[in-house]
Amino acid sequence: KSYSMIEGLKVPSVWFCGISTMCFTFACFGFANWVASYWVDTFGWSLDKANGYVSFIYFIEIFLVIGVGFALNYVKNRKRICELAHLLYMFVLLFCFRMDNPNLIIPFCIVYALAEGSIPTTFWTLIGQTVPKPELAPVTIGVLGLLQNLGMLLGPPIAGYFVQTFGWNLG
């Protein structure tokens, strides 16, 4: 039996996941592109030092994501984990361009890495559960990938515009 791509595109959860992922990558890449400059401006650090802390975020995220992936195997309500990760990420992002104490950098990096890494981990775990038939999962993957890349494309320049026009607090 064959399935139509159109049938998959009619499923609202496919679009919810795709748009949610686009918003996530918009924020994620906007952050990653500008946070080192923020730390240079705010803390007076060299760009090398600021980029070192950005690298630290993504280094520890590797291990945190592996832990989240294993934990998801033991959780019945994975959607709730995704929701909690989004909520944590929202609060971390609200704080990121307002942080004015360099002593908070290590805890910030750890919490940011956990929040950021949990979102795609749960999305890719849930992707097959977003459609009524497993045969339609490739449609979700396609929509997710397309909108994910759109968020990556738009996030950094729009965040840069807001930083330049309105300052770091609205970055």
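Helices (H or I, at least four residues) and strands (E, at least two) are DSSP runs, numbered from the N terminus. With that in hand, the predicted model can be read from one end to the other. This is a predicted model, in which local features need pLDDT of at least 70 and side-chain atom pairs count only at pLDDT 80 or more, while totals for chains, interfaces and linings use all residues. Residues are numbered from 1 along each chain as its sequence is written, and side-chain values use heavy atoms, leaving out hydrogens and water.

The protein contains six helices and zero strands, and its pattern along the sequence is α-α-α-α-α-α. Along the principal axes, the C-alpha trace spans about 65 × 35 × 25 Å. Of the 171 residues, 37% count as buried, where buried means under 20% relative accessible area, exposed means over 50%, and partly exposed lies in between (1.4 Å probe, protein chains only).

Two packed helices are described by the angle between their axes and the distance between the axes. Here, helix α3 (residues 47–72) and helix α5 (residues 105–126) have axes that come within 7 Å and cross at roughly 45°. This angle makes α3 oblique to α5, because angles under 35 degrees count as roughly parallel, over 145 as roughly antiparallel, 65 to 115 as roughly perpendicular and the rest as oblique. The axes themselves are lines fitted to C-alpha atoms, for helices over the stretch in contact, and angles run from 0 to 180 degrees between N-to-C directions.

A look at single residues adds detail. Ile57 is found in helix α3 and is buried, at 0% relative accessibility. Its C-alpha atom is separated by 7.3 Å from that of Tyr112, although the two residues are 55 residues apart along the chain. Val131 sits in the loop between α5 and α6; this residue is also buried, with a relative accessible area of 9%. Val131 and Val11 are 120 residues apart in sequence, yet 6.7 Å apart in space, C-alpha to C-alpha.

Ile158 offers a view of the surface. This residue lies in helix α6 (residues 137–166) and is partly exposed, with a relative accessible area of 34%. Ile158 also belongs to a nonpolar surface patch of about 730 Å², made together with Leu150, Leu153, Leu154, Tyr161, Phe162, Phe166 and Leu170. Patches are made of residues with over 30% relative accessible area and no salt bridge, with like charges joined within 9 Å and nonpolar side chains (Val, Leu, Ile, Met, Phe, Trp, Tyr) within 5 Å. A salt bridge is a side-chain nitrogen of Lys or Arg within 4 Å of a carboxyl oxygen of Asp or Glu.

Definitions and conventions:
Accessible areas come from the Shrake-Rupley method with a 1.4 Å probe; for residues, only the protein chains shown count as cover.
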